[in-house]
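This report walks through one chain, from its overall make-up to a few chosen sites. Keep the structure open while reading.

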Amino acid sequence: MLKGIIFDMDGVLINSEPVHYRVWKQALAARGIELDYEIYKPCIGSTNGFLMDILHDNYGISRDDKELVETMEQIKKKIIAEEGFPMIEGVPQLLGRLKDSGYRLAIASSSPLAYIRQVVTSLGIDGYFELLVSGEQVKNPKPAPDVFLEAARQMKLDPEECLILEDSSNGCRAAKAAGIVCCAYFNPDSGKQDLSPADVVIEGYEEIDGAFLEKVYCHGRHLPALVCETKRLRIREMTEQDIPKMMEITSQGTPDTAEGMAKSLEEELEAFPSYRKYMYEMCDMGYWVLEEKESGMIVGRAGVEPKIWNHNSSVVELGYLIDEKHRGKGFAYEACRGILEEAKRRGAVYLYCRIRSANLASKKLARKLGFSKIDYRLEDDSEDMEVYRYTCSE
């Protein structure tokens, strides 16, 4: 269960990486040294000590050159006094949404602790964080996991209960080394960072909330994420334990349904990890479990899947099947209605479904949901298969 969200600061909360490079470039220019960005880049997301190692290896500067560090600090103070801290757009709103969702928030940054405090206080966001941890408080800097593990330890949380927001290659590698799910923020001003170790990459904070990060966390841990809820139903991704029940429900299909026969239990279990990775974690689609809130019973399945029709048309197809013991209670309409609303929130344009002509109940449901029959037929479908389309933007 996700409990704590740990933020890097530079490049995630404030757009400071261009300023840091500027500061070090000016400090070294006073020594007659032109700091090459490609030499500087590997230290992004790490500590000053890590950079001093780089400067020693490339320019012969002493690792203990306190005078250079003091010069850098003076230049930085001057720039901050004149320009302030460049907070990234949407940060206060994001922190508010996450706090309201009940998550505990912390910062684990490579910057010095005094600087972290100065930043969050001056920006008025210090009240959101229960903990500030500096990379200078631990033995090894990023990409080692030390600072993130220390933050989790001080929060009295297991790493498995945390999620990290990072913007740098070093930070993403540190998160993975810590065994913590990582959400990477692509900051174009942080240089060309390799964010591939992250579980997901985002480009802004406008639509990020607790539900989104909960899903990232679940996918990173291969746990069933919640898709949406209705009055009576919890619609969620399925697990290996759900597969026997899903197969039982599938076997109840009538000749009027569009489904084929299920595979054996062994085949379904063997295929599920690949299905989960592709459909749930990559496409954020798939067939989902319909779980009755009151009883916890599985009453059916429903979902949307990407399909290629007639070799050239990419569509998203809706399907459902209700357990025969729970039919006639309105679960099909309630589940499909909830899924359509979720599809709208995700920005879908059209959803499609295929229904056999004799399946009067599904045709009635489709019309009630707002689907309209269209003049289209798949090459491999029989003549009695009808196609319906739902327009999400209306």
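Contact here means heavy atoms within 4.5 Å. The model is predicted.

## Overall make-up

The chain holds 13 helices and 14 strands. Its C-alpha trace spans about 85 × 45 × 40 Å along the principal axes. Of the 394 residues, 51% are buried. Take the contacts between residues at least 6 apart in sequence: 63% of them join residues at least 24 apart.

## Tyr217

Tyr217 sits in helix H9, which covers residues 210-220. Is Tyr217 buried or exposed? Its relative accessible area is 2%. The cut-off for buried is under 20%, so Tyr217 is buried.

Which residues does Tyr217 contact, once neighbours within four places in sequence are set aside? The list begins with Met1 and Leu2. It continues with Glu160, Glu161, Cys162 and Leu163. Val181 and Leu223 complete it.

Two backbone atoms are reached by the Tyr217 side chain. One is the nitrogen of Met1, at 3.2 Å. The other is the oxygen of Glu160, at 2.5 Å. Val304 lies elsewhere: 87 residues along the chain from Tyr217, with 21 Å between the two C-alpha atoms.

## Ser134

Ser134 belongs to strand S3. Its relative accessible area is 1%, so Ser134 is buried. A polar atom of its side chain lies 2.7 Å from the backbone oxygen of Ser111. Ser111 also appears among the contacts of Ser134 beyond four places in sequence. The others there are Ser109, Ser110, Pro112, Leu113, Ile116 and Val147.

## Helix H7

Val147 leads on to helix H7, residues 146-154, where Val147 is one of the buried residues. Asp146, Phe148, Glu150, Ala151 and Ala152 of H7 are buried as well. What covers these buried residues? The cover includes four strands: S1 (4-7), S2 (104-109), S3 (131-134) and S4 (162-166). Helix H8 (169-177) is also part of the cover. After H7 comes Lys156, with a positive phi near 60 degrees.

## Glu317

Glu317 is placed in strand S11, residues 313-322. Its relative accessibility is 9%, so Glu317 counts as buried. Which side chains make polar contacts with that of Glu317? Lys307 does so at 3.4 Å. Arg354 does so at 2.9 Å.

Both partners recur in the wider contact list of Glu317, which leaves out residues up to four places away in sequence. That list also names Gly303, Val304, Glu305 and Trp309. Tyr352 and Cys353 are on it too.

The polar contacts of the three sites are set out here.

| Side chain | Partner | Distance |
|---|---|---|
| Tyr217 | Met1 backbone nitrogen | 3.2 Å |
| Tyr217 | Glu160 backbone oxygen | 2.5 Å |
| Ser134 | Ser111 backbone oxygen | 2.7 Å |
| Glu317 | Lys307 side chain | 3.4 Å |
| Glu317 | Arg354 side chain | 2.9 Å |

## Two helix pairs

Two packed helices are described by the angle between their axes and the distance between the axes.

Start with helix H3 (residues 48-59) and helix H4 (residues 66-83). Their axes come within 12 Å and cross at roughly 120 degrees. Why are H3 and H4 oblique to each other? Angles of 65 to 115 degrees count as roughly perpendicular and those over 145 as roughly antiparallel. The H3 and H4 crossing falls in neither class, so the pair is oblique. The crossing is right-handed. H3 brings Asn48, Met52 and Leu55 to the contact, and H4 brings Leu68, Val69, Met72 and Glu73. By class, these residues are five nonpolar, one polar and one charged.

Next come helix H12 (residues 331-345) and helix H13 (residues 360-369). They pack at an angle of about 40 degrees, with axes 11 Å apart. Roughly parallel would need an angle under 35 degrees, so H12 is oblique to H13. The crossing of H12 and H13 is right-handed. From H12, the contact uses Ala332, Tyr333, Cys336, Arg337 and Leu340. From H13, Leu365, Lys368 and Leu369 take part. The contact of H12 with H13 has six nonpolar residues, no polar ones and two charged ones.

Definitions and conventions:
Residues are numbered from 1 along each chain as its sequence is written. This is a predicted model: local features need pLDDT of at least 70, side-chain atom pairs count only at pLDDT 80 or more; totals for chains, interfaces and linings use all residues. Side-chain values use heavy atoms; hydrogens and water are left out. Helices (H or I, at least four residues) and strands (E, at least two) are DSSP runs, numbered from the N terminus. Buried means under 20% relative accessible area, exposed over 50%, partly exposed in between (1.4 Å probe, protein chains only). A polar contact is a pair of N or O atoms within 3.5 Å; within protein, one must be able to donate a hydrogen and the other to accept it, and residues adjacent in sequence count only if both atoms are side-chain atoms. Axes are lines fitted to C-alpha atoms, for helices over the stretch in contact, and angles run from 0 to 180 degrees between N-to-C directions. A crossing is left-handed if the near helix is turned anticlockwise from the far one by less than a right angle, and right-handed if clockwise. Ala, Val, Leu, Ile, Met, Phe, Trp, Tyr, Cys and Pro count as nonpolar, Asp, Glu, Lys and Arg as charged, and the others, Gly among them, as polar.
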